[in-house]
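Student: I have a sequence and a model open side by side, and I would like to learn how to read the features in them. Could you take me through a few, giving the general idea and then the case at hand?

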Amino acid sequence: MAFRKVRPHKKVCYFKKNNITKIDYKDVEMLKMFITPNGKISPRRFTGTCAKHQRHVAEQVKLARFMGFIPYTTK
């Protein structure tokens, strides 16, 4: 018997799929999708975003933290 190797589906960038051109630090609900429950920014391999949008997400999350919209940690 030959066993077939199962390949996971390639994740598609959330922003390209939904035609979102501007990532805003004031949109906290969207940014929370890219943050772990502990408050860390999720990496690309988990979220599936492309490199360009991952850089923008990280920048906007950091800005939202600085402005006080998102806490730095959960504790």
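**Reading a helix and its surroundings**

Tutor: Let us start with one residue: Gln60 lies in helix 4, and please keep in mind throughout that this is a predicted model.

Student: Is Gln60 buried or exposed?

Tutor: The general idea is to compare the relative accessible area with a cut-off, and buried means under 20%. At 11% relative accessibility, Gln60 therefore counts as buried. Leaving aside neighbours within four places in sequence, Gln60 is in contact with Ile23, Asp24, Tyr25 and Leu31.

Student: Which residues does Ile23 touch in its turn?

Tutor: With residues up to four places away in sequence not counted, Ile23 touches Phe15, Met30, Leu31, His53, His56, Val57 and Gln60. Ile23 also belongs to the largest nonpolar core, which has 14 residues, and Phe15, Ile23, Met30, Leu31, Val57 and Ile70 are the ones that touch the most other members. Two or more residues of this core come from each of helix 2 (28-31) and helix 4.

Student: How should I read the length of helix 4, and which of its residues are buried?

Tutor: For the length, one sets the distance between the end C-alpha atoms against an expected span. Helix 4 has 17 residues and reaches 24 Å from its first C-alpha to its last, which is close to the 24 Å expected at 1.5 Å a residue. For burial, the general idea is that an α-helix has 3.6 residues a turn, so residues three or four places apart point the same way. In helix 4 the buried residues are His53, Gln54, Val57, Ala58, Gln60, Val61, Ala64 and Arg65, and what covers them includes helix 1 (14-17), helix 2 and helix 3 (44-47).

Student: What happens at the surface, for instance at Leu63?

Tutor: Leu63 is also found in helix 4, which covers residues 51-67, but Leu63 is partly exposed, with a relative accessible area of 32%. Together with Phe66, Met67, Phe69 and Tyr72, Leu63 forms a nonpolar patch on the surface, with about 560 Å² of accessible area in total.

Student: What backbone feature comes just after helix 4?

Tutor: Here one looks at the sign of phi, and Gly68, just after helix 4, takes a positive phi of about 95 degrees. A positive phi also occurs at Asn19, about 55 degrees, although Asn19 is not a glycine. Asn19 is found in the loop between helix 1 and helix 2 and is exposed, with a relative accessible area of 67%.

Student: Where is Ile70 placed, and which residues does it touch?

Tutor: Ile70 sits in the segment after helix 4, and Ile70 is buried, with a relative accessible area of 7%. Not counting residues up to four places away in sequence, Ile70 touches Val28, Leu31, Ile35, Ala64 and Arg65. For separation along the chain against separation in space, take Ile70 and Gly39, which are 31 residues apart along the chain while their C-alpha atoms are separated by 8.5 Å.

Student: Is Ser42, as a loop residue, buried or exposed?

Tutor: Ser42, in the loop between helix 2 and helix 3, is buried, with a relative accessible area of 10%. Its contacts, leaving aside neighbours within four places in sequence, are with Phe34, Ile35, Thr36, Thr47 and Gln54.

Note on methods: Residues numbered from 1 in each chain as written. Predicted model: local features only at pLDDT ≥ 70, side-chain atom pairs only at ≥ 80, totals over all residues. Heavy atoms only, no water. Patch = residues over 30% accessible without salt bridge, like charges linked within 9 Å, V, L, I, M, F, W, Y side chains within 5 Å. Areas by Shrake-Rupley, 256 points an atom, 1.4 Å probe, with all protein chains shown as cover. Salt bridge = Lys/Arg side-chain N within 4 Å of Asp/Glu carboxyl O. Helix = DSSP H or I, 4+ residues; strand = E, 2+ residues; numbered from the N terminus. Buried < 20%, exposed > 50% of the residue type's maximum accessible area, 1.4 Å probe, protein only. Core = buried A, V, L, I, M, F, W, Y, C linked by side-chain atoms within 4.5 Å. Contact = heavy atoms within 4.5 Å. Expected span 1.5 Å × (residues − 1).
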